[in-house]
Protein chains: 2
Amino acid sequence: MGSGPTYRRTRQRDAVLSVLDRFRARRVHPTTDEVYVNVRRTLPRISLATVYRNLDVLAAQGIIQKLGMGCSPVRFDGDPSDHVHIRCVRCGRVDDLDGVHVTPSKDDATTFNGYEVIGLRAEFVGVCDTCRMQHAGKSRTHNDAHRPCSSGGCHAADQGNKN
Amino acid sequence: MGSGPTYRRTRQRDAVLSVLDRFRARRVHPTTDEVYVNVRRTLPRISLATVYRNLDVLAAQGIIQKLGMGCSPVRFDGDPSDHVHIRCVRCGRVDDLDGVHVTPSKDDATTFNGYEVIGLRAEFVGVCDTCRMQHAGKSRTHNDAHRPCSSGGCHAADQGNKN
DNA sequence: ATCTATGCAAAGCTTTTGCAATCGT
DNA sequence: ACGATTGCAAAAGCTTTGCATAGAT
């Protein structure tokens, strides 16, 4: 079928990947904007749109991973390998979860309900230590910008306080 | 801790839930806008903001489920029980997956990496029959409005066509 | 030469919010 | 009464797109 475009190597693409690699070393999963801010240090004239485009291209190539599961903003992982993440519902932070494996895996099925299976997206949700430390209750401090999951609980969230 | 507000019963809330129930019977997982359009048939003057607010309230109560995993727009499930979904990366459609269970489950862990675990969000991604039928290649027809997962593959997507 | 990539600005889409009025308990 | 809820309109946030130019192969 469609073989797609022939990707080219550009300074911008290299710079984006390089930033992703640096984040990867710290096991941090940045948002597009965080990547943008960092790339700017090398290429001050790069545009945000270019960062968006390059992150998508790199993800399409399987060189990096787009963590699209949570609510926006999307985050990326420089490590394309199959591993489980956990996301903080308060601040949006994402961490790797070592030693946790989910079954069935994306390879255990090729069709379901008429769907041709591509993969499984799984991540745990919780509250990170940093957020837990800051008054369990109100404040939503250390990263207020990224509202992780609207207001109402996402998915199989809390429940409990029926009334 | 905070016991939260005392929810009240309103015509709008009832109507939203009733629409969700109807979708549930068909095992369809609507977007906020689809709920809005439907509720309008009963309450023509209801506002979109009210629908957003009510869907969140109902999800916070655990009466319905907010499927926040995929990319926007968010979809809802009138069935609050814990079950696995599969989402079409082409059109965004979501279906229930009977008989599939994911382990570990959200109850298998209470802490990870300093996180206090709330739950696990897991869903398969694939291409639905409808989309597969329409030229495997280009068209993105039957529900073009909802761009499911940006352009680049989400998560552990395709891979393969490295170059 | 051809087709991909870039920058910029504008637009798009989903979702949230401020506020005054209204409704539920 | 008290506080939750509603409508409306505006704003916000993230992401995509059109277009002319520059760049890669």
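This walk through the structure goes from the surface near DNA strand D to one strand of chain A and its pairing partners. Keep in mind as you look that the model is predicted.

Let's begin with the DNA. Which residues come nearest to DNA strand D? Of the 27 residues around that strand, the nearest are Arg8(A) and Tyr52(A) from one chain, and Arg8(B), Arg13(B) and Thr50(B) from the other. Sorted by class, the surface near DNA strand D is made of 10 polar, 9 nonpolar and 8 charged residues. Three helices each supply at least two residues of this surface: α3 (48–60) of chain A, and α1 (11–25) and α3 (48–60) of chain B. The most is given by α3(A), with 5 residues.

Now turn to the DNA side. Among the atoms of DNA strand D within 4 Å of the protein, 71% are part of sugar or phosphate, while the rest belong to bases. Some individual atom pairs are worth picking out in your viewer. In chain B, an N or O atom in the side chain of Thr50(B) is 2.7 Å from a phosphate oxygen of DNA strand D. Thr50(B) is also one of the residues that come nearest to this DNA strand. Thr10(B) places a polar side-chain atom 2.9 Å from a phosphate oxygen of DNA strand D. From chain A, Val74(A) takes part through its backbone instead: one of its backbone N or O atoms lies 3.0 Å from a phosphate oxygen of DNA strand D.

Next, find strand β6 (residues 115–127) of chain A. Why can β6(A) be called largely enclosed by the rest of the structure? The reason is burial: 11 of its 13 residues are buried, so the rest of the structure largely encloses it.

Its neighbours are easy to trace. Strand β3 (residues 84–88) of chain A pairs with β6(A) in the parallel sense, over 4 bridges. Here Cys88(A) has Gly126(A) of β6(A) as its bridge partner. Strand β5 (residues 111–112) of chain A runs antiparallel to β6(A), and 2 bridges join them. Across this pairing, Thr111(A) stands opposite Glu116(A) in β6(A). The two strands form a hairpin with 2 residues between them, and Asn113(A) in the turn has a positive phi of about 50°.

Finally, follow β6(A) across to the other chain. It pairs with strand β6 (residues 115–127) of chain B in the antiparallel sense, over 11 bridges. Within this pairing, Val125(A) has Gly119(B) as its bridge partner in β6(B).

Terms used:
Residues numbered from 1 in each chain as written. Chains lettered and ligands numbered in written order. Predicted model: local features only at pLDDT ≥ 70, side-chain atom pairs only at ≥ 80, totals over all residues. Heavy atoms only, no water. Near = heavy atom within 4 Å. Polar contact = N/O pair within 3.5 Å; in protein donor to acceptor, adjacent residues only side chain to side chain. Nonpolar A, V, L, I, M, F, W, Y, C, P; charged D, E, K, R; others polar. Buried < 20%, exposed > 50% of the residue type's maximum accessible area, 1.4 Å probe, protein only. Pairing = 2+ DSSP bridges.
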